[in-house]
Amino acid sequence: MFEKFLAGKTAVVTGSNSGIGLGVAHQLAKAGADLVLNSFTDRDEDHALAAELAETHGVSVRYIKADMSKGDECRALIEQAGRCDILVNNAGIQHVAPIPDFPAEKWDAIIAINMSSAFHTTAAALPMMRKAGWGRVVNIASAHGLTASPFKSAYVAAKHGVVGLTKVTALETAEEKITSNAICPGYVLTPLVEAQIPDTMKEYNLSRDEVVRDVLLKRQPSKEFATVDEIGDTAVFLCSDAAAQITGTTISVDGGWTAL
Ligand code: NAD
């Protein structure tokens with residue numbers, strides 16, 4: 001989509017050994033950015049994935065293990081990266097239950113991983129961006145950062161929180177060459193969404209196709225999943241000069257969900 005205009009920049013993408021994070025990493029690397037991939041595991045396949053991206057895109061790629069549920073590890077990720085021109089806060093988990101039954105430890109984990117991690121990484125990354133005189137914060141929020149669904153209390157609260165943090169970050173950096181924005185995807189077919197299908201099939205006694213169309217994509221008017229590449233290209237656009245004055249806002253990639 002874009003020339004290699006991000007050559008010389010380093011992008012740190014949290015939660016990037018799978019799904020949207022990996023898709024965003026691919027598109028940023030395609031545009032020339034060096035990468036730091038992350039998750040909470042430290043498997044051979046995590047490091048192999050980094051080598052594969054480096055080989056595919058001809059950029060430098062490191063994998064750094066850090067658990068985004070822990071504030072000190074979020075900050076250590078950025079410190080170990082050593083440089084962070086582009087910060088993509090993507091790590092996220094989901095749990096679905098009515099509020100009275102929602103396990104408190106799941107609430108705490110979702111708030112920590114989906115929201116507080118972005119505060120910690122941003123706090124560590126802004127001084128580096130200021131030193132470099134340029135920076136981009138791209139938070140992967142959700143249509144659930146703008147609207148709600150029942151049974152997703154922690155997720156919806158965390159994603160609304162991320163949208164708020166995105167705006168504050170934009171205001172605190174408004175006079176610098178740093179922007180902060182949130183991408184709000186609708187449903188994207190990734191392992192996180194895939195994992196919700198079997199339970200929903202059982203709960204409503206539906207086929208896989210029925211779950212996809214009538215449950216998952218019920219609120220997505222296009223009736224199509226967004227792709228990880230589309231989310232990645234939106235992130236690349238936010239890193240471009242064309243987006244220099246786009247800050248403190250959200251971009252929906254949701255097939256019309258939030259237009260309803
Ligand atoms: P996914 O499960 O494929 O990926 C989640 C990533 O986060 C993985 O790399 C995982 O290893 C990582 N992760 C989980 N816990 C972590 C932790 N404690 N520390 C570090 N990394 C951790 O899910 P996805 O669908 O790609 O979701 C990525 C982001 O996009 C999430 O923030 C999610 O809320 C958001 N999102 C997804 C959709 C969708 O439809 N898939 C829609 C809107 C927003």
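# A walk around the ligand and beyond

Start with the cysteines: counting pairs of sulfur atoms within 2.5 Å, you get 0 disulfides in this predicted model. Select Cys84 to see how that looks. Cys84 is in no disulfide, and the nearest cysteine sulfur, the one on Cys239, is 10 Å away. Cys84 counts as buried because its relative accessibility is 1%, under the 20% cut-off. Now jump to Cys184, which is also in no disulfide: its nearest cysteine sulfur again belongs to Cys239, this time 16 Å away. Cys184 is buried too, with a relative accessible area of 0%.

**Next stop: the ligand**

Select the ligand and show what surrounds it. You should have 31 residues on screen, and the closest are Asn17, Ser39, Tyr155, Val188 and Thr190. Colour that shell by class and you'll find 16 nonpolar, 13 polar and 2 charged residues.

Now zoom in on some individual contacts. Pick Asp67: a polar atom of its side chain sits 2.8 Å from a nitrogen of the ligand. Then go to Lys159, where a side-chain N or O atom is 2.9 Å from a ligand oxygen. For a backbone example, click on Gly186, which has a polar backbone atom 3.4 Å from an oxygen atom of the ligand. Switch to a surface view here: on its own the ligand exposes 820 Å², and the protein buries 93% of that.

Which elements supply at least two residues each to the shell around the ligand? Turn the cartoon on and look for helix H1 (19–30), strand E2 (34–39), helix H5 (153–172) and helix H6 (191–194). H6 gives the most, with 3 residues. If you colour by domain, you'll see the shell taking at least three residues from each of domain 1 (10–187 + 226–253) and domain 2 (189–225).

**Asp85 and its partners**

Head over to Asp85, in the loop between H3 and strand E4 (86–89). Is Asp85 buried or exposed? Asp85 is buried, because its relative accessibility is just 2%, under the 20% limit. Show its side chain and check two polar contacts. One is with the backbone nitrogen of Thr10, which lies 2.7 Å from a polar side-chain atom of Asp85. Another is side chain to side chain, with Arg83, at 2.8 Å.

**A pair far apart in sequence**

While H3 is in view, select Ala76, which lies in that helix (residues 71–81). Ala76 counts as partly exposed, at 28% relative accessibility. Add Thr121 to the selection and draw a C-alpha to C-alpha distance: the two residues are 45 apart in sequence but 8.6 Å apart in space.

**Two positive phi angles**

Most residues other than glycine have a negative phi, so the last two stops deserve a look at the backbone. Select Phe151, in the loop between strand E5 (135–140) and H5. Its phi is near 75°, a positive value in a residue other than glycine. Phe151 is partly exposed, with 45% relative accessibility.

Finish at Asn205, in the loop between helix H7 (196–204) and helix H8 (208–216). Asn205 isn't a glycine either, yet its phi is positive, at about 55°. Turn the surface on one more time: Asn205 counts as exposed because its relative accessible area is 69%, over the 50% mark.

Definitions and conventions:
Residues numbered from 1 in each chain as written. Predicted model: local features only at pLDDT ≥ 70, side-chain atom pairs only at ≥ 80, totals over all residues. Heavy atoms only, no water. Near = heavy atom within 4 Å. Polar contact = N/O pair within 3.5 Å; in protein donor to acceptor, adjacent residues only side chain to side chain. Areas by Shrake-Rupley, 256 points an atom, 1.4 Å probe, with all protein chains shown as cover. Helix = DSSP H or I, 4+ residues; strand = E, 2+ residues; numbered from the N terminus. Nonpolar A, V, L, I, M, F, W, Y, C, P; charged D, E, K, R; others polar. Domains from an automatic or database assignment. Buried < 20%, exposed > 50% of the residue type's maximum accessible area, 1.4 Å probe, protein only.
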